[in-house]
Amino acid sequence: MIETKNLTKNYGNLTAVDNLNLTIKDGDIFGFIGPNGAGKTTTMRILVTLLEPTRGGAFINGLDVTKDGKKVRRLVGYMPDFMGVYDDLKVFEYLEFFAAAFGIERKKRKSIVEGVLELTDLGSKKNATVDSLSRGMQQRLGLARVLIHDPKVLILDEPASGLDPRARIEIRELLRELKRMGKTIMISSHILSELEEICDHVGIIEHGRLVFSGTLEEIRPRLGIESKVRVKVANHQKKAIELLSALPQVHQVQALGDEIAVTFHKDQHANGIVARTLVNANLDIISIQPERLKLDDAFLQLTKGIVH
Ligand SMILES: Nc1ncnc2c1ncn2[C@@H]1O[C@H](COP(=O)(O)OP(=O)(O)O)[C@@H](O)[C@H]1O
Ligand SMILES: [Mg+2]
């Protein structure tokens with residue numbers, strides 16, 4: 001649904017996007033991740049026809065963005081990193097304004113605006129002024145605006161940045177809902193963990209180059225990260241350590257206070273094996289906590305040592 005082929009953008013001597021090849025499938029949520037200045041916004045602006053590439057191609061649903069701009073704009077909803085402010089407008093006026101700008105007939109505007117307000121859970125705020133909304137609500141309003149012409153593809157530039165955890169969860173839920181509606185979503189962030197759990201695939205970009213593309217699960221082996229669990233037993237900790245150390249899948253066992261940290265060789269079902277072993281030995285388990293891949297650490301490792 002979204003594709004770039006050797007996409008390159010120079011600003012004078014600076015190569016902001018460098019031979020970028022991306023493929024995003026229909027119905028996927030794709031996380032486009034990279035530090036500030038990596039080239040995310042530039043790539044997105046090319047995809048939405050606001051910027052011309054220097055070299056290479058960009059395609060939405062097979063349409064060349066440099067040749068079929070009008071059709072591309074009808075297919076795509078773009079939420080920029082900084083939205084224009086229309087502070088003194090009421091929420092519904094703001095959305096009706098954009099509905100008119102998209103050429104939606106006057107008769108239909110009201111029901112379309114009501115629909116996107118409901119979807120983004122802003123119905124109760126329709127008479128509030130835009131500047132009275134919290135940052136989280138303003139981001140949801142930005143999404144409501146992008147949805148007005150019912151685009152198939154959403155390109156969202158850092159929609160979660162600056163949001164508190166609760167607002168971030170609300171955005172995540174909304175994105176899941178949009179995926180269920182069949183939209184293809186490309187979403188950028190400079191913080192990998194911000195997009196954890198919602199993305200089907202991620203692409204990590206640095207200095208305009210793609211340094212990784214795949215699923216989050218694929219990052220783990222690539223980084224050589226082993227899976228880990230933390231275990232607490234009611235008693236017989238020593239016995240538990242002995243039993244776990246003897247497992248062929250286990251790389252290392254450490255006692256950390258009343259917890260046991262178990263590091264596995266590359267094994268996907270780590271906690272299942274731990275639980276079975278302890279239960280079979282009649283030990284009482286208080287908790288088994290898988291240690292999640294620390295995405296931001298993974299991100300740093302992945303981009304570390306890349307020389308330009
Ligand atoms: N209009 C511009 N003119 C010159 N340089 C720019 C312009 N826009 C962006 N850049 C530079 O291009 C690089 C990529 O920027 P950008 O695409 O905004 O990255 P990101 O969105 O990942 O932070 C940065 O080094 C930035 O300073
Ligand atoms: Mg940016």
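This is a short dialogue on reading the features of one predicted model.

Q: Where do I start? How many helices and strands does the protein have?
A: Start with a count of elements. This predicted model has ten helices and 14 strands. Buried residues make up 34% of the 308 residues.

Q: What share of the contacts between residues at least 6 apart in sequence join residues at least 24 apart?
A: Here, 68% of those contacts do.

Q: How do I check the span of a helix, say H6?
A: Use a rise of 1.5 Å a residue. Helix H6 covers residues 165–180, so its 16 residues should span 22 Å. The C-alpha atoms at its ends are 23 Å apart, which agrees.

Q: Which residues of H6 are buried?
A: A residue counts as buried if 20 or more other C-beta atoms lie within 10 Å of its own. In H6 these are Ile171, Leu175 and Leu178. Viewed down the helix axis, the buried residues fall within an arc of 60°, so they line one face of H6.

Q: Which residues are exposed on the other side of H6?
A: Pro165, Arg166, Glu173 and Arg180 are exposed there.

Q: What do the buried residues of H6 pack against?
A: Their partners are strand E3 (29–33), helix H5 (135–147), strand E7 (153–156) and strand E8 (184–189). Look also just after H6, where Gly182 takes a positive phi of about 95°.

Q: What span should H5 have?
A: Apply the 1.5 Å rule again. The 13 residues of H5 should span 18 Å, and its end C-alpha atoms are 19 Å apart, which agrees.

Q: How many residues of H5 are buried?
A: Ten of the 13 are, so to read H5 is to read a mostly covered helix. Among the buried residues are Met137, Leu141, Leu143 and Val146. The buried residues of H5 pack against strand E6 (76–79), helix H3 (91–101), helix H4 (106–119), E7 and H6.

Q: How do I read a sheet? In what order do the four strands of the open sheet stand?
A: Strands of a sheet pair through backbone hydrogen bonds, either parallel or antiparallel. Here the order is E2-E1-E4-E5, and the pairing is antiparallel. E2 (14–24) and E5 (63–64) are the edge strands, each with a single partner strand, so one side of each has no neighbour in the sheet.

Q: Which helix packs on this sheet?
A: Helix H1 (residues 40–47) does, touching E1, E2 and E4. The direction of H1 makes about 120° with that of E1.

Q: Over how many bridges do E1 and E4 pair?
A: E1 (residues 2–11) and E4 (residues 55–60) pair over five bridges, in the antiparallel sense. Thr4 has Ala58 as its bridge partner in E4.

Q: Which residues surround ligand 1?
A: The shell includes Tyr11, Leu14, Asn36, Lys40 and Thr41. E2 and H1 are the elements that give two or more residues to it. H1 gives the most, with three.

Q: Which side chains of strand E13 are buried?
A: Look for alternation along the strand. In E13 (residues 259–264), Ile260, Val262 and Phe264 point to one face and are buried. Glu259, Ala261 and Thr263 point to the other face and are not.

Q: Which residues stand opposite those of E13 in strands E11 and E12?
A: Strand E11 (residues 228–233) pairs with E13 over four bridges, antiparallel. Val229 stands opposite Val262. Strand E12 (residues 250–256) pairs with E13 over six bridges, also antiparallel. Ala255 stands opposite Ile260. The hairpin of E12 and E13 has two residues between the strands, and Gly257 takes a positive phi near 65°.

Technical notes:
Residues are numbered from 1 along each chain as its sequence is written. Chains are lettered from A and ligands numbered from 1 in the order in which they are written. This is a predicted model: local features need pLDDT of at least 70, side-chain atom pairs count only at pLDDT 80 or more; totals for chains, interfaces and linings use all residues. The expected span of a helix is 1.5 Å times one less than its number of residues. A residue is buried if 20 or more other C-beta atoms lie within 10 Å of its own, exposed if 12 or fewer, and partly exposed in between; C-beta atoms are placed from the backbone. The arc is that of the directions from the helix axis to the C-beta atoms. Two residues are in contact if their C-beta atoms, placed from the backbone, lie within 7 Å. Two strands pair if DSSP finds at least two bridges between them. Axes are lines fitted to C-alpha atoms, for helices over the stretch in contact, and angles run from 0 to 180 degrees between N-to-C directions. A residue is near a molecule or strand if its C-beta atom, placed from the backbone, lies within 6 Å of it.
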